[in-house]
Amino acid sequence: MQRHLISAADLTRDDAVLILDTAEEMARVADRPIKKLPTLRGRTVVNLFFEDSTRTRISFEAAEKRLSADVINFTAKGSSVSKGESLKDTAQTLEAMGVDAVVIRHGASGAPYRLATSGWIDAAVINAGDGTHQHPTQALLDAFTMRRRLVGRDEGLGQDLSGRRITLVGDILHSRVARSNVDLLHTLGAEVTLVAPPTLVPVGVESWPCEVSYDLDRTLSKSDAVMLLRVQRERMNAAFFPTEREYSRRYGLDGDRMAKMPEHAIVMHPGPMVRGMEITAEVADSERCTAIEQVTNGVSIRMAVLYLLLGGNEPAATHTRTEEK
């Protein structure tokens with residue numbers, strides 16, 4: 001494991017499998033009456049969020065507290081950032097307070113990399129989403145969910161996703177989740193297909209390690225997992241498709257389309273969902289949809305990342321089982 005987690009593309013297959021296996025051990029902590037490990041006692045972690053977030057921020061905070069870290073939550077609204085303070089000055093303020101790790105979400109692509117490599121701060125940096133660039137822990141929790149559902153909880157230990165066919169549908173252009181998943185799933189041996197309107201496919205996508213299709217119905221029967229991505233209107237400055245109804249008709253997943261998928265196939269969504277647009281309520285509430293499962297798995301994955309970056313580079317199995325005695 002490296003010192004920082006900035007991009008899913010930085011992970012080797014062994015790195016990724018180590019994180020997934022460690023997360024499996026961390027998931028066992030959630031089954032205990034007392035969901036705590038002393039691993040990061042005395043360590044200080046700052047959640048530095050310059051963008052709105054519900055799942056990611058709460059998930060990181062839960063992970064940090066379950067590892068007994070001291071947690072500081074920072075949001076740009078109501079801070080000196082709203083007065084014009086720069087990222088550099090904010091980082092140096094945190095450095096002066098002696099923090100051990102920074103979890104950062106920022107609207108500008110590259111901000112976590114800048115923080116990690118600038119020398120402003122001597123702490124581990126974890127990217128919780130930067131612009132339209134990367135969201136590595138989301139890709140890890142997605143891969144963790146796929147491995148559990150498609151391979152098995154115990155059978156999946158030490159395994160990757162070789163031969164699995166994953167389809168990502170929706171706003172690829174503005175999606176850091178799509179970019180991270182393409183990188184990580186390729187590293188884990190999966191075959192990835194992107195499905196989107198031509199206007200929501202990024203320039204240069206032909207260099208990505210995946211295939212591109214504009215026909216959702218043609219890909220469903222061959223997919224082990226279908227991940228639906230929200231249309232990110234807050235990042236759009238133009239009309240990328242005629243109407244919501246047109247988008248839903250061509251790229252939304254409803255019950256009829258779900259029936260075309262193989263019986264073992266799962267439906268995924270990183271959240272937040274826009275019901276009635278990219279996914280119908282029928283599909284979102286079905287047993288094949290893993291959206292809530294992904295939230296649960298997100299805590300385990302983030303515990304694993306924090307453990308490996310701050311606690312140690314060995315799998316957590318020995319450590320957690322010692323605590324159980």
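Which side chain does the side chain of Asn-47 join in a polar contact of 2.9 Å? Select Asn-47 and look across to Asn-73: the polar contact runs between these two side chains. Keep in mind throughout that this is a predicted model.

**Stop 1: Asn-47**

Stay on Asn-47. The residue sits in strand S1, residues 44-49. Its relative accessible area is 1%, under the 20% cut-off, so Asn-47 counts as buried. Now show what surrounds it. Leaving aside neighbours within four places in sequence, Asn-47 is in contact with Phe-60, Glu-61 and Glu-64. The same list includes Val-71, Ile-72, Asn-73, Phe-74 and Val-103.

**Stop 2: Ser-68 and Lys-77**

Select Ser-68 next. You are in the loop between H2 and strand S2, the latter covering 70-75. Check the backbone: phi is positive, about 70°, although Ser-68 is not a glycine. Is Ser-68 buried or exposed? At 15% relative accessibility, Ser-68 counts as buried.

Move on to Lys-77, in the loop between S2 and helix H3 (87-96). Lys-77 has a relative accessible area of 62%, over the 50% cut-off, so this residue is exposed. Add Glu-51 to the selection and draw a C-alpha to C-alpha distance. Lys-77 and Glu-51 are 9.0 Å apart in space, with their positions 26 residues apart in sequence.

**Stop 3: two helices**

Select 13-29 for helix H1. This helix has 17 residues and reaches 25 Å from its first C-alpha to its last. The expected figure, at 1.5 Å a residue, is 24 Å, which is close. Colour H1 by accessibility: 14 of its 17 residues are buried, so the helix is mostly covered.

Then select 136-150 for helix H5. Its end C-alpha atoms are 21 Å apart. That agrees with the 21 Å its 15 residues should span at 1.5 Å a residue. H5 is mostly covered too, with 14 of its 15 residues buried. Step past the end of H5 to Gly-152, where phi is positive, near 125°.

**Stop 4: the largest pocket**

Turn on the pocket surface. The largest pocket has a volume of about 660 Å³. Which residues lie nearest its centre? Select Arg-105, Arg-230, Pro-270, Gly-271 and Pro-272; they belong to a lining of 32 residues. The elements giving two or more residues to this lining are helix H2 (55-66), H5, helix H6 (176-187) and helix H11 (291-311). H11 gives the most, with six residues. Colour the lining by class: nine residues are nonpolar, 14 polar and nine charged.

Zoom in on Gly-271 and Pro-272. The peptide bond from Gly-271 to Pro-272 is cis, with omega near -10°. Pro-272 lies in the loop between strand S9 (266-268) and helix H10 (281-284). Pro-272 is also one of the residues nearest the centre of the largest pocket.

**Stop 5: the second largest pocket**

Finish at the second largest pocket, with a volume of about 230 Å³. Its lining has 13 residues. Select Arg-165, Thr-193, Glu-211, Thr-219 and Lys-222, which lie nearest its centre. Which elements give two or more residues to this lining? They are strand S5 (165-169), strand S6 (191-195), strand S7 (211-213) and helix H7 (216-220). By class, the lining divides into three nonpolar, five polar and five charged residues.

Note on methods. Residues are numbered from 1 along each chain as its sequence is written. This is a predicted model: local features need pLDDT of at least 70, side-chain atom pairs count only at pLDDT 80 or more; totals for chains, interfaces and linings use all residues. Side-chain values use heavy atoms; hydrogens and water are left out. Helices (H or I, at least four residues) and strands (E, at least two) are DSSP runs, numbered from the N terminus. Buried means under 20% relative accessible area, exposed over 50%, partly exposed in between (1.4 Å probe, protein chains only). A polar contact is a pair of N or O atoms within 3.5 Å; within protein, one must be able to donate a hydrogen and the other to accept it, and residues adjacent in sequence count only if both atoms are side-chain atoms. Contact means heavy atoms within 4.5 Å. The expected span of a helix is 1.5 Å times one less than its number of residues. On a 1 Å grid over the protein atoms alone, a cavity is a set of points where a 1.4 Å probe fits but cannot get out, and a pocket is an open set with protein on both sides within 12 Å along at least five of seven lines; lining residues have an atom within 4 Å of a point. Grid points are joined across faces, edges and corners, and a volume is the space filled by probe spheres set on the points. Ala, Val, Leu, Ile, Met, Phe, Trp, Tyr, Cys and Pro count as nonpolar, Asp, Glu, Lys and Arg as charged, and the others, Gly among them, as polar.
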